[in-house]
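User: I'd like to learn how to read a few features of a structure. Can you walk me through them?
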Amino acid sequence: MSSSCLVLFLHFLILFRFSSSSHASSVYDSFVSCLASKSIPQSEISKIVYSPKNSSFNSILQAYIRNRRFFNSSTTSKPVIIVTPTKESHVANAVLCTKETNLQLKIRSGGHDYEGISYISDGPFVMLDMFNLRSISINVKDETAWVQAGATLGELYYNIWMKSEALGFPAGVCPTVGVGGHVSGGGYGNMLRKFGLSVDNVLDARLVEVNGRILDRKTMGEDVFWAIKGGGGASFGVILAFKIQLVRVPETVTYFRVERFLDQNATDTVVQWQNVANKIDNDLFMRLLIQPITVKSKNKAKGAKNTKTIRATFIALFLGDSSRLMSLVNKEFPALGLTKQDCLQMSWIDSVLRWANFDNTTNPNALLDRKGDPLNFLKRKSDYVQEPIPKDGLESIFQKMISLGKAGLVFNPYGGRMAEIPEDETPFPHRAGILFKIQYSVNWNELGVAAEKDYLSQIRDLYSFMTPYVSKNPRQAYLNYRDLDIGTNNQGPQSLEKGRIYGIKYFKNNFNRLVKVKSMVDPQNFFRNEQSIPTQTHSIHAQGAMKRRKMF
């Protein structure tokens, strides 16, 4: 490059950075002025609004990033403003000011969206981080609770336990998951065969709609209330809180974790599990992990080779004592070979800790830790199975997993209460006829594009290989196992058609009703993301999503 060209290029670069910085400052100033015009004192604004220039900006942004693929990457877009509301009115005014400054709004309650869409975007956006809104109010007398969206499941379980050891709530097993996203996306856990999903136990909600009004079930109406119980709240507004129905749990529950390998008849055990897990007593939930592993050779001779195999791990929660569990499993699932020594009796809250991989000496206050596990790179996908996979099919799947090397499967049984609820009762449609749900899982720690490409290729290859064994027309998927591979929406003229591609997989026929509700409550499509519910008629908010660009 000639010296004159180099000088010109550097001059352009300086101007571009100055322009970008000036524009960022202008956007921030406009946003803050807007909040001030809504009668929010400057003393409050300074504590809840952060620009990239603020020294706390990065720490707040990164605090609830749960996927290392989107952590502090130079290629990952970042918000132009972060808002951390401490009052419901802050949320309402943040919605209005995001509209007035022509920005997109992303909403984060716990940061567990597998594709990071609660804190990244293709265009300039405001991130509404709900972690300060996490109050929990338990009413033991009527066995209900109000839980704000920024609370974690661990905080919810702990607060229930502090008030009553006879009550619980059917939700996820990861304690750092945020209530807002988990519940509005369906919310499943290890009591779903007994009590259904989290959304099957929601009584009321508080929501900020597109015009900044704060609504409850009565004022939002039954259509909107239906939509946010499994349709993803972020398409319809900002979830502030849910009122939930607590459930009665026995004084004693039983936990077991049993491993079987291929040379221990693991395949036959999995065959039998498929025919039992969704039909057995509703008090029993048996999750199955299928993982390729390498077993070290017991032969110490030089040159002895390690062996690649499959490990099948059966993890269970039984709402009762071990004697009844043993009788039940040995009668209906003899292939497992369950022994009394495998069964651990405990309280429900201790089972919550066990499922979260804490040991049996852990105090329940560990559930209040919001940091969670060490950060990994990860990718997830999902499927639903309606017919048992034959033994030769399982054998081919296991060999495929061994050849790939890292991708694993998690089988979660349905049946019980799940099969009793009509598929249009909530937006979540995966009910009767589902034997189990599959989660595809791959984690890695290696840095670099090559490693990411390899591991993403593994999980996508396994997903493709599973096609003959899973649901069809549509190939169903679970919203809370967010997977952008199955379709995305750039909110252009074809947004309805593009939304239908992933929408039918997540919601089946309920997608059509969700579109009608969306068109009614947010016709300008302000609340949107890469997989949001589209409107019936393309009519984007004035900020012009078709002109998306990475500015910061």
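User: Where does Pro474 lie?

Analyst: Pro474 is in the loop between α15 (449-465) and α16 (495-507). Helices (H or I, at least four residues) and strands (E, at least two) are DSSP runs, numbered from the N terminus. This is a predicted model, where local features need pLDDT of at least 70, side-chain atom pairs count only at pLDDT 80 or more, and totals for chains, interfaces and linings use all residues. Residues are numbered from 1 along each chain as its sequence is written, and side-chain values use heavy atoms, with hydrogens and water left out.

User: What joins Asn473 and Pro474?

Analyst: A cis peptide bond, with omega about 5 degrees.

User: Is Lys508 buried or exposed?

Analyst: Buried means under 20% relative accessible area, exposed over 50%, and partly exposed in between (1.4 Å probe, protein chains only). Lys508 counts as buried because its relative accessibility is 18%. Its phi is near 50 degrees, a positive value in a residue other than glycine.

User: How do I read empty space, and how many cavities are there?

Analyst: Rolling a probe the size of a water molecule over the atoms shows where empty space is left. On a 1 Å grid over the protein atoms alone, a cavity is a set of points where a 1.4 Å probe fits but cannot get out; lining residues have an atom within 4 Å of a point. Grid points are joined across faces, edges and corners, and a volume is the space filled by probe spheres set on the points. Here, searching the whole structure gives five cavities of 30 Å³ or more. The largest cavity has a volume of about 80 Å³, and helix α12 (residues 348-355) gives the most to its lining, with three residues.

Key:
On a 1 Å grid over the protein atoms alone, a cavity is a set of points where a 1.4 Å probe fits but cannot get out, and a pocket is an open set with protein on both sides within 12 Å along at least five of seven lines; lining residues have an atom within 4 Å of a point.
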